[in-house]
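Please look over the structure shown here, and then read the report that follows, which moves from the overall make-up to two sheets, one strand and one pair of helices.

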Amino acid sequence: MLSSTGFEAYLLDQVHAAVTATDLAGAITHWNRAAERMFGWSTAEAVGRDFRDLLVSTGDEGRANDILTAVLAGQNWEGEFPIQRRNGRRVLSFTTVSPIRGADEAIMGVVSVSVDITDRVRTERLIAARTGVTRALAEASSLTEAVPMILQAVCEKLGWAIGTLWRVDQEAEVIRCVDVWHAPGADAVEFERVSRQSLFPPGVGLPGRVWSTGRSAWIPDVTKDDNFPRARSADREGIRGGFGFPILLGEEVLGALEFFSREIQEPDADLLLALSVIGSQIGQFMERKGAEQAVLQSEARKSAIVEAALDCIITIDHEGKVLEFNPAAEKTFGYLRDEAIGKEMAELIVPPLLRERHRAGLARFLATGEGPLLGKRFEFTALRADGTEFPIELTVARVDILGPPMFTGFVRDITRRRAAEERLRESRERLRLALEAGRLGTWHYDIPTGAVTWDETLEEIFGLPRGTFGGTFQDYRERLHPDERDRITATVEGARESGSDFEIEHRVIWPDGSIRWIDGRGLCIKDEAGAVVAMTGVVADITERKRVEQAQHFLAEAGPLMAASIEGYEETLAGVAQLVVPQIADWCSIDMLEPDGSIGQLAVAHVDPDKVKLAKEFRQRYPPDPLAPTGMPRVLRTGRPEMLAEIPQSLIEESAPDPVFLEIVKGLGIRSAIVVPMVARGRTLGAITLVTAESGRRYDESDLVFAQEVARRAALAVDNARLLQEIRRVATRLQESLLPPMLPEIPGLEIEGRYRWGGEGNEVGGDFYDAFDTGDGSWALIIGDVCGKGVEAAVVTSLARHTLRAVALQERKPSGVLRHLNQAVMQQRSDHMFCTVCYVRLKPHDGGARLTVCSAGHPLPLVLRSDGSVESAGRPGALLGIFNDPELTDCAVDLRLDDALVLFTDGILEERRKGGEIFGRDRLESVIRSCRGADAKGIAEAIEGTLVGFTPEAPRDDVALLVVKVKGRG
């Protein structure tokens with residue numbers, strides 16, 4: 001005979017809920033099979049250990065102790081409690097805790113019954129959110145009225161603090177905020193203000209990103225995201241995690257919804273998938289995933305374990321009379337336990353139409369020992385005390401004891417589950433409609449049989465007539481682009497082995513040979529053992545999106561290329577042709593309109609060099625007729641584009657001048673073509689021709705718009721390059737006019753000058769030098785630097801040179817000459833322009849020359865002595881054009897035979913390498929020191945050569961240099 005303890009243990013293992021019992025100290029004494037599955041610990045591992053060590057997280061210990069104390073005091077407790085599994089994962093359970101009493105009613109321990117409600121609570125929250133959105137859309141007369149209710153429903157039900165809805169403004173090409181909602185106490189005034197004021201173009205910010213891609217996006221921490229313009233206000237408001245998803249009408253994105261949390265939130269793919277229905281319908285209901293409460297309150301005979309059970313537990317004898325009727329059964333069927341005990345179960349809870357079948361089945365089992373219900377789960381209709389019928393789920397187990405058999409039935413009211421299943425059916429129907437509206441094809445791969453099923457939409461996506469797909473994975477594989485087959489097969493096999501979901505973007509080939517892009521997503525379906533038995537998923541045609549991405553990528557690469565070079569734009573446009581192939585076209589040709597009206601081919605590109613060679617030979621043999629009525633010549637004449645989405649063979653045959661021409665063109669297999677003019681400032685500069693062939697691509701209006709944008713940018717690059725070349729030519733002529741055409745010959749001395757432009761060379765510099773006879777046997781040596789560049793600097797430079805030459809004929813003292821220049825600059829300029837000048841009065845004599853040096857804010861010249869020593873000449877003075885009476889000093893310096901004077905501007909001293917190192921005065925003095933014995937030209941060449949070696953590229957600032965050397969004897 002089964003003992004009472006054995007019977008209770010048996011019943012314990014039949015319960016679907018996790019049932020555990022502890023002694024008064026909390027040590028585990030009982031642990032059923034459901035507890036092993038739910039918590040991850042085997043009975044052998046759990047029994048004897050403190051339940052708090054196994055199941056309670058550190059932060060929940062206080063609450064667990066409070067519950068234990070209350071139950072040991074004789075109270076029952078039930079509610080939600082987070083439990084820690086063996087693997088560290090926390091699950092939310094609905095737990096009933098009761099005291100275990102002995103025969104003397106003394107408390108001997110504690111029993112708990114737990115049901116994992118993690119998925120249920122999550123599902124309930126999603127359902128609540130969907131219900132709230134559905135109610136909002138049902139009650140509102142417009143979307144504007146519904147928006148606050150939609151945001152509130154999602155935020156409150158799913159635990160997000162802030163929600164916003166954005167709507168696309170097609171005319172302005174921006175997405176703008178419609179409304180913002182926040183939970184009470186979650187004020188974010190600045191963030192809300194910034195959101196309402198923001199306008200985002202495609203790809204910018206979370207709304208713009210969702211808009212441009214048409215897909216959901218998740219940001220764990222918006223304050224760390226490079227593409228979240230509102231990050232600063234979000235950081236001040238304490239906003240962290242966020243996600244957004246699109247509002248779709250077919251393939252068109254109408255807007256976006258976004259939600260934010262105060263905590264960093266890791267991506268939740270399930271949440272995004274569940275909420276995607278709101279975005280795809282926004283006028284339909286979200287898919288519902290509801291699940292009824294898994295286990296009802298129940299009890300068990302003579303045990304607190306059974307008393308705390310959530311399912312109905314009914315035990316009958318061999319005559320069908322009730323022996324046990326737990327509290328859950330009382331509640332479910334409407335009978336008190338005392339009313340049910342001893343009564344025939346068929347009379348109590350079996351509907352009249354089923355009673356005889358029940359009795360016959362019981363009799364058959366007693367006679368044969370066989371019954372179809374034992375150990376299996378079935379659904380039936382049951383009868384309540386009030387006469388109403390309702391659906392139940394029933395599992396029957398035989399109690400193996402001596403004597404007549406007993407049977408225990410575990411009964412669950414599945415009214416709610418049936419309702420949930422009906423809602424799920426309706427939700428699936430709505431999902432089907434959503435898939436059709438979103439042009440999403442679905443597929444299913446049954447791995448054991450190898451059968452692959454496509455719906456009609458997916459066949460259309462692959463360019464197949466309805467019902468013509470072969471139905472195997474190999475049929476699918478054959479339709480993939482050859483370059484993609486191995487990668488996609490490996491992805492599917494990898495998902496099958498790991499059981500993980502996958503998403504792949506790849507190319508497919510239509511029956512007509514054209515190439516399309518698709519986005520495929522797959523979900524693995526596993527059996528009870530965890531083996532993958534099937535895969536299912538959805539597919540979307542993303543060809544247009546890929547074209548846009550390719551166009552954007554091309555423009556991103558071509559933009560810097562076209563702006564990179566002022567000179568040699570021919571090479572730049574040739575690079576653009578190479579970029580076009582094969583992303584946009586199989587062939588690209590760029591032709592320029594020459595000044596004489598002829599057409600010159602600047603570039604032709606194809607991935608195959610042999611075909612490029614063939615194209616060039618073809619062009620030489622068949623040059624274009626500038627008067628041709630169609631094609632590139634017509635585009636050059638009219639400035640209007642042409643497009644042939646499909647090039648008919650008849651057109652090729654009609655335009656062929658001879659059979660060789662026709663054979664070559666047919667061999668190329670050209671399919672579609674676009675010719676667009678390169679127009680700048682109303683003038684047609686050239687044309688770009690794009691042709692598709694082996695790729696099978698057909699051009700449409702969007703391709704024409706893109707090609708025109710490429711041509712517009714190319715024309716702008718060409719026009720700008722030509723303009724800059726002209727500006728540089730003019731600047732060169734003007735700069736040359738500000739320097740002496742040649743330096744004078746001074747008896748007994750050598751003189752040499754150098755000038756290097758700084759920057760791009762397209763602006764007139766401010767550095768200058770001069771040398772001239774003052775008419776009294778002396779010579780003036782001048783070097784200067786006007787602040788700034790361009791026309792303004794040229795005006796001051798011209799003023800300085802002419803003033804110095806005029807005053808030097810009357811004034812002998814260099815300081816006096818410079819004071820006159822100071823007054824001229826201050827009187828004739830009101831824009832605070834200033835300059836620095838070093839003026840040297842040179843008086844030759846038989847033994848050398850006497851110098852009078854005056855510096856007005858200019859670097860002091862250097863003197864190279866015949867013995868190789870280097871020294872400064874003069875004394876620093878004030879800038880010219882700033883002060884009415886600048887402090888200027890005349891200093892006498894004697895040059896002897898083989899001595900040299902070096903005058904220079906600060907562009908030499910301040911020249912920098914990329915690492916920041918400057919040329920500096922010490923380096924200049926070292927170079928000059930090394931020029932002992934060299935003539936004036938050699939000194940100038942040494943300084944210039946060292947500077948070029950220091951920075952090979954153009955100097956940052958203008959550089960002027962003037963060298964005078966006293967000739968030696970002999």
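Two strands are said to pair if DSSP finds at least two bridges between them, where helices (H or I, at least four residues) and strands (E, at least two) are DSSP runs, numbered from the N terminus. This is a predicted model, in which local features need pLDDT of at least 70 and side-chain atom pairs count only at pLDDT 80 or more, while totals for chains, interfaces and linings use all residues. Residues are numbered from 1 along each chain as its sequence is written, and side-chain values use heavy atoms, with hydrogens and water left out.

**Overall make-up**

The secondary structure of the protein comes to 32 helices and 36 strands. Of its 970 residues, 47% are buried, a term that means under 20% relative accessible area, with exposed meaning over 50% and partly exposed in between (1.4 Å probe, protein chains only). Among the contacts (heavy atoms within 4.5 Å) with a separation of 6 or more, 58% are made by residues 24 or more positions apart.

**Two open sheets**

In one open sheet, 6 strands follow the order β8-β7-β6-β11-β10-β9 with antiparallel pairing. Because β8 (199-200) and β9 (217-219) stand at the edges with a single partner strand each, one side of each is left without a neighbour in the sheet. Helix α8 (residues 189-197) packs on this sheet, touching β6, β7, β8 and β11, and its direction makes about 150° with that of β7; such angles run from 0 to 180 degrees between N-to-C directions, and axes are lines fitted to C-alpha atoms, for helices over the stretch in contact. Within the sheet, Ile162 has Phe260 in β11 as its bridge partner.

In another open sheet, 5 strands follow the order β27-β36-β35-β32-β33, again with antiparallel pairing, and the twist averages 20° from one strand to the next. Strand β35 is joined to β36 by bridges, and Phe904 stands opposite Leu961 in β36.

The table lists three antiparallel strand pairs with their bridges.

| Strand | Partner strand | Bridges |
|---|---|---|
| β6 (residues 162-169) | β11 (residues 252-260) | 6 bridges |
| β12 (residues 312-316) | β16 (residues 406-413) | 5 bridges |
| β35 (residues 900-904) | β36 (residues 959-966) | 5 bridges |

**An enclosed strand**

Why is strand β12 described as largely enclosed by the rest of the structure? The reason is that 5 of the 5 residues of β12 are buried. In a regular strand the side chains alternate between the two faces of the sheet. In β12 both faces are covered, with Cys312, Ile314 and Ile316 on one side and Ile313 and Thr315 on the other. Ile314 stands opposite Gly409 in β16, whereas Ile316 stands opposite Val322 in β13. The hairpin of β12 and β13 has 5 residues between the strands, and there Gly320 takes a positive phi near 85°.

**A pair of helices**

Two packed helices are described by the angle between their axes and the distance between the axes. The axes of helix α31 (residues 920-929) and helix α32 (residues 936-950) come within 9 Å and cross at roughly 135°. That makes α31 oblique to α32, since angles under 35 degrees count as roughly parallel, over 145 as roughly antiparallel, 65 to 115 as roughly perpendicular and the rest as oblique. Arg923, Leu924, Val927 and Ile928 in α31 meet Ala942, Ile943, Thr946 and Phe950 in α32. Helix α32 also lies across β27, β32, β35 and β36, running at about 20° to β27.
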